[in-house]
Amino acid sequence: MNPVTLVDLRASFEEELRAAIAAGNVQPVRDRYLGRKDGVVTRLLKDVASAPQEERRERGAAANDFKKYVEEHVAEAAEVVREAAQRALSQRERVDVTLPGRLPALGHRHPLTLVRDRMEAIFTRMGFAIVEGPEVEDEWHCFDALNMPAEHPARDMQDTLYLASPMPGEAWTPAGPRPDDERRADLRTMLRTHTSSIQIRYMQAHKPPIRIVAPGRVYRRDDLDLTHTPMFSQMEGLVVGEAVSLTDLKGTLLAFARDMFGAKSRLRFRPSFFPYTEPSAEVDISCWACDGAGCQMCKRSGWLEILGCGMVHPAVFEAVGYDPERYTGFAWGIGIERVAILRYQVDDIRLFFENDLRFLEQFPY
Ligand SMILES: [Zn+2]
């Protein structure tokens with residue numbers, strides 16, 4: 001093999017190597033030139049062994065130089081290909097560590113829960129305790145003890161969902177004195193029609209002074225329409241002590257209204273009737289949307305109906321064993337849906353119970 005042949009061989013090797021780098025794989029070129037059995041370089045070295053004695057030294061040196069050249073360039077090319085592949089991979093799997101993380105999608109509280117929590121917070125700040133009671137009640141706690149004896153017309157006014165099974169027993173019986181009336185065998189059980197039954201249970205178990213609010217679900221035999229549902233929520237309030245007056249009632253409710261609906265809120269008390277309070281009143285709040293000037297929300301009246309209240313009837317104190325000569329008190333019941341409707345200007349109470357996310361997502365924390 002003469003030097004010109006080696007120069008040609010080197011040129012074609014370089015060309016093949018460039019193509020192999022572009023293709024991202026130098027192994028075929030390595031096999032072709034350095035293959036142990038049949039490689040171009042291997043054959044070259046074999047040729048040296050069979051060459052005439054006087055040419056061996058020179059050809060051997062040239063062949064070894066070429067072998068070294070090929071080995072170095074193949075190794076270099078393999079490194080270039082490996083780095084290019086690495087770059088391509090890191091480009092594909094690139095992570096931008098400066099990007100903000102992805103937050104998990106959080107749910108949020110139902111608008112009725114938001115309103116109830118807010119109401120609870122307001123009354124808690126005023127020193128009220130939050131208490132609860134059973135949704136399955138007996139007639140005595142729901143009607144009799146609240147000055148609605150069996151023949152009382154107010155009892156017919158309540159469209160009650162009575163239950164077939166008897167009261168679940170002693171589990172809910174308060175620790176206080178238990179009037180004989182409460183042990184009557186003919187007492188029917190029912191889903192409570194108002195949270196006022198919680199007042200009775202609490203008074204049976206505690207002595208005055210009392211300052212509680214009692215939120216909870218109540219049930220009536222109502223058809224579903226824009227303003228009625230068979231189940232809704234109330235928050236009952238009760239204050240009992242010595243010399244508790246109507247002025248205290250007005251002050252308490254005004255403080256609540258101003259906290260809930262704005263500092264400019266005013267209240268209007270209209271005489272009303274409830275069997276368990278005397279005197280009784282329906283309370284309107286000045287429309288917070290128009291400040292009393294009259295708008296669509298308040299139907300041009302400037303006022304919105306919000307709750308019922310009154311001074312606790314002496315018969316209620318007698319039912320729970322309080323001395324009506326010594327103690328006075330006031331109570332109110334407010335619909336939580338009613339507050340939510342007024343606060344969020346929702347015109348259909350059913351929206352609160354349909355669990356349509358498009359509706360629920362409109363209420364911020
Ligand atoms: Zn208005």
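Where is Gln 345 placed? Select Gln 345 and you land in the loop between helix H11 (336-344) and helix H12 (357-360). Keep in mind as you click around that this is a predicted model.

While you're on Gln 345, check its backbone: phi is near 55°, a positive value in a residue other than glycine. Most residues other than glycine have a negative phi, and most peptide bonds are trans. With that in mind, the rest of the tour goes through backbone spots of these two kinds. Before leaving, turn on the surface: Gln 345 counts as partly exposed, because its relative accessibility is 49% and that class runs between 20% and 50%.

Next, select Asp 291. Asp 291 sits in the loop between E8 and strand E9 (303-312). Its phi is near 55°, again positive in a residue that isn't glycine. Is Asp 291 buried or exposed? Neither, quite: Asp 291 has a relative accessible area of 36%, so it goes down as partly exposed.

Now for the peptide bonds. Step back to Glu 278 and Pro 279 and show the backbone atoms. The bond from Glu 278 to Pro 279 is cis, with omega near -5°. Pro 279 itself is in strand E8 (residues 277-286).

Last stop: select Pro 208 and Pro 209. What kind of peptide bond joins Pro 208 and Pro 209? A cis one, with omega at about 0°. As for the surroundings, Pro 209 belongs to the loop between helix H8 (196-205) and strand E5 (210-219).

Definitions and conventions. Residues are numbered from 1 along each chain as its sequence is written. This is a predicted model: local features need pLDDT of at least 70, side-chain atom pairs count only at pLDDT 80 or more; totals for chains, interfaces and linings use all residues. Side-chain values use heavy atoms; hydrogens and water are left out. Helices (H or I, at least four residues) and strands (E, at least two) are DSSP runs, numbered from the N terminus. Buried means under 20% relative accessible area, exposed over 50%, partly exposed in between (1.4 Å probe, protein chains only).
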